Amino acid sequence: MVIEKNDENKKMEPGGRNLVLLGVFATLIAVITTGVSLMLYHNSGDIYLDRSRPGFLPDEEEAEEERVEEEYTFSRSGKITGEVLDELLKNLDLEIQSIDAYDDQFGEGALSDERLGIPLELDDKTN
Amino acid sequence: MRRNAISLFVIAMVLMTSVFSGVAKGISEAQSQNLKEHCDEVREKLKIVQKNDAKTRVFLGSKYETILNKYIVPLNVRLVENNLSSNGLIDLQNSFAETRAVFNADYINYQQSLENLVTIDCKTEPDKFYNELSIVRKKRLTMEQDVLKMRNLLTQYVKSITELKGKM
């Protein structure tokens, strides 16, 4: 008699079962949509353009430099005079100078055998 | 019939030779041994390159975007408003935008290869690692060429504005 009562307690109420099912389905949907999103994020290549991912966050100094930069925008309206173009050229020159001053713009040196610590000579295995 | 068979055989042999001669070129024993011994260090150096490249891409990408949206496009809009001819500058704007898109696409392609390279275990597969490294180097060279193209476009742009200023 006591055993029967325990079995009855172990049986789940229909409402409780539905709640568990809801939880399981919600978790499954979350896992699937997150997986698909991550797959799209990776396959589209956006992951490589994103610097907010772990290990690629900007250094503190870098963030400071970005904040210090002055904003200049050439106005879309108004007369065009020599002075206006002079101002544009002056500001554009500053931008170009900062580009030129940037070190290692995908130069081949970074992946050279020497820099990676691999011996220099190549061997043709057919010989 | 027999001649055809012989010619086919000769063509097949030539093709096979060219394919295998490409594969056979690899790294020397010394390189292979060195790669195995210093595999972890090489991979760490590649990760640093990866991080520096991300920094460079963001820097150059934001500069190109700034120049396009705050200089090139507004000037062309203003030229149209003033009924001034700007055919050359519009062509430059298109070339600049296209090359910038190519720069981004090439960067993704290069980074995918670099990531693939970092995942190869050079302790067990030094040859495969080195072959992949050669591919990554070619893609990095493409990146360098993209940067040069952008720089040349900027030079042309400055020249065009200077000429325009001379006409004022």
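Visitor: How much of chain A counts as buried?
Guide: Of its 127 residues, 6% count as buried. Keep in mind that this is a predicted model.

Visitor: And what share of chain B is buried?
Guide: In chain B, buried residues make up 24% of the 168 residues.

Visitor: What is chain A built from?
Guide: Six helices and one strand. Along the sequence the pattern reads α-α-α-α-α-α-β.

Visitor: What about the secondary structure of chain B?
Guide: Chain B has five helices and one strand. From the N terminus, its elements run α-β-α-α-α-α.

Visitor: Are the contacts in chain B far apart in sequence, or what share are?
Guide: Take the contacts with a separation of 6 or more. In chain B, residues 24 or more positions apart account for 72% of them.

Visitor: Got a residue I can look at?
Guide: Try Y130(B), in helix α5 of chain B.

Visitor: Why does Y130(B) count as buried?
Guide: Because Y130(B) has 21 C-beta neighbours inside 10 Å, and the cut-off for buried is 20 or more.

Visitor: What separates Y130(B) from Q31(B) in space?
Guide: Their C-alpha atoms are 9.3 Å apart. Along the chain, the two residues are 99 residues apart.

Visitor: New topic. How many residues are in contact between the chains?
Guide: On the chain B side, 53 residues. They are in contact with 43 residues of chain A.

Visitor: Which elements of chain B supply that side?
Guide: α1 (2-24), β1 (25-27), α2 (29-37), α3 (39-81), α4 (87-119) and α5 of chain B each supply at least two residues.

Visitor: Which one gives the most?
Guide: α3(B), with 21 residues.

Visitor: What classes of residue are on that side of chain B?
Guide: The side of chain B that touches chain A has 29 nonpolar, 12 polar and 12 charged residues.

Visitor: How do α5(A) and α5(B) pack?
Guide: Helix α5 of chain A covers residues 82-101, and helix α5 of chain B covers residues 126-167. They pack at an angle of about 165 degrees, with their axes 10 Å apart.

Visitor: Roughly parallel or antiparallel, then?
Guide: Angles over 145 degrees count as roughly antiparallel, so α5(A) and α5(B) are roughly antiparallel to each other. The crossing is left-handed.

Visitor: Which residues make the contact?
Guide: From α5(A), they include L85(A), L88(A), L89(A), L92(A) and I96(A). From α5(B), they include L154(B), V158(B), I161(B) and L164(B).

Visitor: And what is the contact like by class?
Guide: Nine nonpolar, two polar and two charged residues.

Note on methods:
Residues numbered from 1 in each chain as written. Chains lettered and ligands numbered in written order. Predicted model: local features only at pLDDT ≥ 70, side-chain atom pairs only at ≥ 80, totals over all residues. Helix = DSSP H or I, 4+ residues; strand = E, 2+ residues; numbered from the N terminus. Buried ≥ 20, exposed ≤ 12 C-beta atoms within 10 Å, placed from the backbone. Axes fitted to C-alpha atoms, helices over the stretch in contact; angles between N-to-C directions. Parallel < 35°, antiparallel > 145°, perpendicular 65-115°, else oblique. Left-handed = near helix turned anticlockwise from the far one by under 90°. Contact = placed C-beta atoms within 7 Å. Nonpolar A, V, L, I, M, F, W, Y, C, P; charged D, E, K, R; others polar.
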